[in-house]
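Let's take a walk through this model, with one helix as the starting point and the empty spaces as the last stop. Keep the viewer open as you read.

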Amino acid sequence: MALDNILNIAELSAGLNTEKIGKRIIHITETDSTNTQALILARGGAAEGTVVLAERQTAGRGRMNRTWHSPPGAGIYLSVILTPRVSPNRLPGITLVAAVAGAESLKESTRVSVDIKWPNDLLLNGRKICGILTELHARDDGSHVVIVGIGINVNTPRDMFPDDIANSASSIMIETGREASRKDIVSSLLGHFERWYRIYTDGGFEVILERWKAYSGIIGRRIRVEQEGAHTEGTVLDIDMSGALVIRDDAGFQHIIYSGDIVYL
Ligand code: BTN
């Protein structure tokens, strides 16, 4: 069984070295989706940096209306409330912050080296162990609330994954052969998140993008992008400041793609 079947939030908070992110952690045994709960809290005035963390989600959400499978005690399911004061065209860049923080924290806390797969999956040995769902909400005064939801398969055993993702998804435990401490991962994640989020709000988009590209290795690769019934093949020229893919197809046309799934060719 998992090392820490219920996260000890008192211990986690005591060891946390952040000023804003995770200063308040709302720990829930079971909820529909931490992103949904975080938005409700944000609308009620919860401070920036508030984290909602659940042991289990009954309606965990992924990108493109998918379900995020969230069995109890095995994974990390958390959402961070942010209220960045940056121009709207910079808001999508927050997802890059989360991906880089995720990659660095997993290295620090579990020694694994993950790759970022566009747009924001973290892969270990080619299998997805972490997903990020960023949701933007405009407020009446023109400012934005951003909810960054992060799901990490930590000690999930292979037989807990539904059949349709059994080959593409994995957990840190499956890939390394040993259990990992969810507490150590959350603590490291919130610390790295705070550092990169500060770089982001200070305008350091280029630095974040460069780090993201280094983890992804996608530039120059041939890929297929699949988007609801359509697909585009080409070579990746760049990732722009909003995290969009810039690709050149075989006829020489350039495409900027904001969402979809990629397959390396
Ligand atoms: C994806 O890869 O499609 C994104 C998955 C994001 C899952 C996390 S788990 C915590 C938060 N709450 C949700 O309902 N989704 C995100």
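**Starting from a helix**

On the face of α2 that points away from its buried side, you'll find the exposed residues I40 and R43. Keep in mind that this is a predicted model. Now turn the helix around: α2 spans residues 34–43, and its buried residues are T34, N35, A38, L39 and A42. These residues sit on the same side of α2, because they cover an arc of only 140 degrees around the axis.

What do the buried residues of α2 pack against? The answer is a set of strands: β1 (25–31), β2 (51–57), β3 (75–82), β6 (127–138) and β7 (144–153).

Both ends of the helix have something to show. At the N-terminal end of α2, S33 acts as the cap, with a side-chain oxygen 3.2 Å from the backbone nitrogen of N35. Just after α2, G45 has a positive phi of about 100 degrees.

Next, look at T18, in the loop between α1 (9–15) and β1. Is T18 buried or exposed? With 6% relative accessibility, T18 falls under the 20% cut-off, so it counts as buried. A polar atom of the T18 side chain lies 2.7 Å from the backbone oxygen of I21. If you skip the neighbours within four places in sequence, the contacts of T18 are K23, L190, G191 and E194.

Strand β6 has come up already as a packing partner of α2, and I132 is one of the residues in β6. I132 has 7% relative accessibility, which means that it counts as buried too. Leaving out residues up to four places away in sequence, I132 touches R63, T95, A98, A99, N120, V148, G149 and I150. To relate I132 back to the helix you started from, pick T36: the two are 96 residues apart in sequence and 14 Å apart in space, C-alpha to C-alpha.

Now for the empty space. Rolling a probe the size of a water molecule over the atoms is a way to see where such space is left. The largest pocket holds about 830 Å³. It is lined by 41 residues, and the ones closest to its centre are R66, W68, D121, K128 and I165. The elements giving two or more residues to this lining are α2, β3, β5 (121–124), β6, β7 and β12 (261–264). Which element provides the largest share of the lining of the largest pocket? That is β6, with five residues. By class, the lining of the largest pocket is a mix of 15 nonpolar, 16 polar and 10 charged residues.

Closed-off space is the last stop. The count here is one cavity of 30 Å³ or more, and the largest cavity has a volume of about 40 Å³. Its lining is made up of G93, L96, Y200, F205, I208, L209 and M241. Helix α6 (residues 205–216) gives the largest share of that lining, three residues. As for chemistry, the lining of the largest cavity has six nonpolar residues, one polar and no charged. Set that beside the largest pocket, where 10 of the lining residues are charged, and you have two linings to compare on screen.

Conventions
Residues numbered from 1 in each chain as written. Predicted model: local features only at pLDDT ≥ 70, side-chain atom pairs only at ≥ 80, totals over all residues. Heavy atoms only, no water. 1 Å grid on protein atoms, 1.4 Å probe; cavity = no way out; pocket = protein on both sides within 12 Å on 5 of 7 lines; lining within 4 Å. Points joined across faces, edges and corners; volume = space filled by probe spheres on them. Helix = DSSP H or I, 4+ residues; strand = E, 2+ residues; numbered from the N terminus. Nonpolar A, V, L, I, M, F, W, Y, C, P; charged D, E, K, R; others polar. Buried < 20%, exposed > 50% of the residue type's maximum accessible area, 1.4 Å probe, protein only. Arc of directions from axis to C-beta. Contact = heavy atoms within 4.5 Å. Polar contact = N/O pair within 3.5 Å; in protein donor to acceptor, adjacent residues only side chain to side chain.
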